[in-house]
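Here's a quick briefing on charged pairs and cysteines. Have the sequence and the 3D view open as you read.

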Amino acid sequence: MAAVVLAATRLLRGSRSWGRRPLRFGAPAYRQFSSGGAYPNIPLSCPLPGVPKPVFATVDGQEKFETKVTTLENGLRVASQNKFGQFCTVGILINSGSRYEAKYLSGIAHFLEKLAFSSTSQFDSKDEILLTLEKHGGICDCQTSRDTTMYAVSADSKGLDTVVGLLADVVLHPRLTDEEIEMARMAIQFELEDLNMRPDPEPLLTEMIHEAAYRENTVGLHRFCPTENIVKIDREMLHSYLQNYYTPERMVLAGVGVEHDDLVECARKHLVGIRPAWGSQTAVDVDRSVAQYTGGIVKLERDMSNVSPGPAPFPELTHIMIGLESCSFLEGDFIPFAVLNMMMGGGGSFSAGGPGKGMFTRLYLNVLNRHHWMYNATAYHHSYEDTGLLCIHASADPRQVREMVEIITKEFISMAGTVDVVELERAKTQLMSMLMMNLESRPVIFEDVGRQVLATRSRKLPHELCALIRDVKPEDVRRVSSKMLRGKPAVAALGNLADLPSYEHIQAALSSRDGRLPRTYRLFR
């Protein structure tokens, strides 16, 4: 016992046998620095006495390298953004996609995405392309959306000429062999099966809400190839589409991390005066249709009880997405709509909290925090060059579908109500933060440069966008919301839909003052 007491006494008083000075309590101590000077315990917020005032580098919030754009004699636009680093991202963006397939079988853009970076006139196989890129530490990718097709490569900047030549060959001289088309069919078939089996229904719901909002026109056409068209699409049909939409005036060669003059020189060498594999560079029949918003409902009755089997299966849910027409990204109201989308926010009920997670957005505070049975409530904003769609996706148990729909319609109505200054400033700050953080990535800068130049022939720099975001006022949000609520809704529903309100009732709720669904009475329950 005496030994324990002795050890405790040494810990409290400090043992001289350990070679340390005993602990003392009293006046503030002075720390000895390597310079020999002594400073008292000064808070970190105060400057040290006797130290010269530092001179810091100033930041004006603007990019030192503006985006340069050159239009070549054949109509091709070349855009570049300088950025320090060993690697660059270069690609070709084309004004083509599923919205231009009205005169074709739906699914051509989906096929072209799967056939990208396959054999060409100079490369016998995809493996040969990958080996060529590997010499420059490069990777490649192709993505298609409803209105844009993008071929991109990230590689060492020293291999710029090789990269641009490879991109030109992939875009203008694909072989499209029977074997490659058959492989694309198999890949598309697998992707469609996966789309219908995956627990996350968001891609399928997005497809359905576009189909409901733009019935059989432009962005309402199928983004994924319908099953019945997989065996019908062949090389001749692909060439017909390529001739009309893969023309120089519909393309942008964009690069980040490269010198503009070098990129223009490579473009003239590989993309000017080149005869494509389909013969002519002149478009014959280009679809210039403008998106026509129709509104409507698309329902898919499906048993969702066995979507995620296992020891802890996912509960059976019914998914609803309600949308209203917003505006195109070329209009001045695009920024207020982006702020409104951020203000609504939302997410899944199991999202972890923390900075930037949007736990103070309306769909969290008013929906997920108040209704424990709601599994998801998330706002989305899809914007195109001639239209836009703001929608809310919600999911819950099939027995509570009616109540869930009413909660969402009430949130739509509240958009045109009072906008708190604090929540608006939070949404604006979060939007600017997300914008700037995304633009830290070179591939994201590349896509931003390419898409903006493709749509507007110029690029708004981040500081210009931030200035527009800061200028959004509460009355701007109320104005765009009121205008949006005057339109017809688009509704997509997936799962057990026995208790889903009728489209007319949803439309009536969005036209009312409080967002309530009309009351229904049943003789038998």
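What follows covers the salt bridges, then the cysteines.

Keep in mind that this is a predicted model. The count comes to 17 salt bridges, against zero disulfides. As background, side chains of opposite charge can pair when their charged atoms come close.

**A bridge between distant parts of the chain**
- Arg268 pairs up with Glu73 in a salt bridge, and their closest N and O atoms sit 2.8 Å apart.
- This pair links distant parts of the chain, with the two positions 195 residues apart in numbering.
- On one side, Arg268 belongs to helix α8 (residues 260–271); on the other, Glu73 lies in the loop between β3 (68–71) and β4 (77–81).
- Arg268 is partly exposed, at 40% relative accessible area, while Glu73 counts as exposed at 59%.

**A bridge within a helix**
- Glu182 forms a salt bridge with Arg185, and here the closest N and O atoms are 3.0 Å apart.
- Both residues are in helix α5 (residues 178–197), and because they are three residues apart, about one helical turn separates Glu182 from Arg185.
- Glu182 is partly exposed, with a relative accessibility of 40%.
- Its partner Arg185 counts as buried, with a value of 16%, because the cut-off for buried is under 20%.

**Another pair, and a network**
- Asp514 and Arg516 also make a salt bridge, with 3.4 Å between the closest N and O atoms.
- Asp514 is partly exposed at 39% relative accessible area, and Arg516 is likewise partly exposed, at 44%.
- If you want to look at a network, go to Asp333, Asp476 and Arg479, which are linked by salt bridges.

**Cysteines**
- Why is the sulfur of Cys142 not bonded to the closest cysteine sulfur? That closest sulfur belongs to Cys140 and is 9.4 Å away, so it is too far for a bond; a disulfide needs the two sulfur atoms within 2.5 Å.
- Cys142 is buried, with a relative accessible area of 10%.
- Cys391 is buried as well, and its relative accessible area is 0%.

Definitions and conventions: Residues numbered from 1 in each chain as written. Predicted model: local features only at pLDDT ≥ 70, side-chain atom pairs only at ≥ 80, totals over all residues. Heavy atoms only, no water. Salt bridge = Lys/Arg side-chain N within 4 Å of Asp/Glu carboxyl O. Helix = DSSP H or I, 4+ residues; strand = E, 2+ residues; numbered from the N terminus. Buried < 20%, exposed > 50% of the residue type's maximum accessible area, 1.4 Å probe, protein only.
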